[in-house]
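Me: I am in my first year and would like to learn how to read a protein model step by step. Could we go through one together?

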Amino acid sequence: MSGSTVVKPRKVLVARHGLTTRITHWINALALSMLLLSGLQIFNAHPALYWGQASTFASPWLAMTAEPRGDDFAGVTTVAGRRFETTGVLGYSDTPRGFPAWATLPSYRSLADGRRWHFFFAWMFVINGAIYLITALLGGHLRRDLWLKRAELAPRHLLREIIDHAQLRFPKGEEARRYNALQKGAYLSMALVFLPLMVATGLTMSPGFNAAAPWLLDLFGGRQSARSLHFISAAVIVAFVIVHLLMVVASGPWNNIRSMITGRYAIEIKGADQ
Amino acid sequence: MSADRRRWLKGAGASLAGLWLAACDRLNETPAVRATLARAERLTFKVQRATTDRMALAREYPAEAISADFRANGSISPGDADYRALLANDFRDWRLVVDGLVSTPLSLSMAELRAQPSRSQITRHDCVEGWSSIGKWTGARLGPLLDRAGLSEQARYIVFHCYDTLDPAAGANGRYYESLDLIDAYHPQTILAYAMNDAALPVKHGAPARLRVERQLGYKQAKYLMRIEAVADLAHISGGNGGFWEDRGYEWYAGI
């Protein structure tokens, strides 16, 4: 055959995720799932949120309540003074409760059990997260793979990536070897902002830890503010996970899942670059 | 999508959700799982004790921070006959007994309790449910009181027996009680409060006296105090876990 043949793109497996990243990723997924379910159980014990040191019972900024409606009840969620009917999901689902049975661990009401699950997995989450962060920092994963370069932060570049993402057009070939700026930003914000914020706001709700580190109360503006931020940060993490899972599916679920298990990720390389 | 298929999918979804819930609840009720989860409590307790200052004070707030809507929880008006009799007489016959592993058992009237070394503090009360209220408490410091009674060498815990029956179905084990180790018992902010916001302690908040242990959650703040007992271990008292809520699955260490 002569040199004029069309060279077909070739699939090659590249090393994508290090061993620590893969192990800590799955432990983190387990711990966060259990923390969410048990956290919603704990939230249900008093499904209202406030700002400041103490609760202002007459004016929570967020509340889930059950209101009599004829022979039945309606679930009502109030956010910053605006009321939403959320019957069946929030406020009332067969019985008056904040989040429904399918979203809590255990499904029935048990604050004591919810706390046990929560604190057990909180320890798993903290130890696992510390191992990840230390390894990522010392091993260069953070600097090499996640830290945003100046060029990536240029508005034009970011806009391009946002448009590509919105159209579900993902990097191909050599480009797919690296994380793009949106991925880096999302992962960094989780690893360095929202997940650590969960730990810090969680500890700020501990009266024992308050005595030892009162500056945390000042940092977050009080225990009830910390509880609100804990909830908001959890919601941000849930939103991240939903987008993350959608992106995994949209950009090739098997390739992505394999790369997070075996570490190998397939990219297509033009025949020319061998 | 046909209505049939939609119904089928909905049914399948509901069954999957049902399976998931059943699996989670099953795990929650498995003794080995519960024992494993409970290990985290001891870890939390040990790490907090090891890494933080044991004498660190809970934050105290300015008078403006006092909650006008301080919530009362648990028993708010005990129906126990002995308590009603004391209340009817404005607690003139009330005595606080201090006994157990002590050299000099005490039986103090309210006047005697008020004559003890005291402390006032404006602190935050954190309910295990998640809410907080701020109030001012005045009461006798527990440490000097225990010294007056003379704790024996064997004493490891201080148990607070209360007048209120919170779980009538549990018979003799339905009365409220709580316990502290000696570190929290001798903490400077640990007081037997007889006044709240500069007035006599209201019934719903535990009249005539309640415990305040400011670095722990609300269920530790035993109300309607009857008797304080120094013990070597907690196993022989009520359900054996050191408190009414502890016997019902809550952590003994309520600092988190």
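What follows is a set of questions and replies on this model.

Me: What kind of model is this, and how are residues and chains named?
Reply: This is a predicted model, in which local features need pLDDT of at least 70 and side-chain atom pairs count only at pLDDT 80 or more, while totals for chains, interfaces and linings use all residues. Residues are numbered from 1 along each chain as its sequence is written, and chains are lettered from A and ligands numbered from 1 in the order in which they are written.

Me: Into which domains is chain A divided, and how far apart do their C-alpha centres lie?
Reply: The bounds come from an automatic or database domain assignment, which divides chain A into domain 1 (18-52 + 101-269) and domain 2 (53-98). The C-alpha centres of these two domains of chain A lie 28 Å apart.

Me: Which elements of chain A give two or more residues to the side of domain 1 that touches domain 2?
Reply: Two residues are in contact if their C-beta atoms, placed from the backbone, lie within 7 Å, and in this sense 13 residues of domain 1 of chain A touch twelve residues of domain 2 of chain A. By class, the domain 1 side has seven nonpolar, four polar and two charged residues, where Ala, Val, Leu, Ile, Met, Phe, Trp, Tyr, Cys and Pro count as nonpolar, Asp, Glu, Lys and Arg as charged, and the others, Gly among them, as polar. Helices (H or I, at least four residues) and strands (E, at least two) are DSSP runs, numbered from the N terminus. The elements of chain A that give two or more residues to this side are α1, β2 and α8 (223-250).

Me: How are α1(A) and α2(A) oriented to each other, and why?
Reply: Axes are lines fitted to C-alpha atoms, for helices over the stretch in contact, and angles run from 0 to 180 degrees between N-to-C directions. Helix α1 (residues 19-44) of chain A packs against helix α2 (residues 111-139) of chain A at an angle of about 155°, with the axes 8 Å apart. Their contact has 14 nonpolar, eleven polar and one charged residues. Angles under 35 degrees count as roughly parallel, over 145 as roughly antiparallel, 65 to 115 as roughly perpendicular and the rest as oblique, and α1(A) and α2(A) are therefore roughly antiparallel.

Me: Which strands stand at the edges of the open sheet of four strands in chain A?
Reply: Two strands pair if DSSP finds at least two bridges between them, and the order in this sheet of chain A is β2-β3-β4-β5, with antiparallel pairing. A strand with a single partner has one side left without a neighbour in the sheet, so the edges of this sheet in chain A are β2 (48-49) and β5 (82-85).

Me: How many bridges join β3 and β4 of chain A?
Reply: Strand β3 (residues 62-69) of chain A runs antiparallel to strand β4 (residues 72-79) of chain A. Along this pair, Ala63(A) stands opposite Thr78(A), and Ala66(A) has Gly75(A) as its bridge partner. The number of bridges between β3(A) and β4(A) is eight.

Me: What value does phi of Ala80(A) take?
Reply: Most residues other than glycine have a negative phi, and most peptide bonds are trans. Ala80(A) is found in the loop between β4 and β5 of chain A, in a hairpin that has two residues between the strands. Its phi is positive, in a residue other than glycine, and lies near 45°.

Me: Which residue follows Ala207(B) across a cis peptide bond?
Reply: Chain A offers one example, where the bond from Leu105(A) to Pro106(A) is cis with omega near -10°. In chain B, the residue lies in the loop between β8 (199-200) and β9 (210-212). With omega about 5°, the cis bond from Ala207(B) leads to Pro208(B).

Me: Which element of chain B gives the most residues to the side that touches chain A?
Reply: The contact takes 41 residues from chain B and 34 residues from chain A. The residues on the chain B side divide into 18 nonpolar, eleven polar and twelve charged. Elements giving two or more residues there are α1 (3-29), α2 (31-51), β3 (118-126) and β4 (132-141) of chain B, and the one that gives the most, with seven residues, is α2(B).
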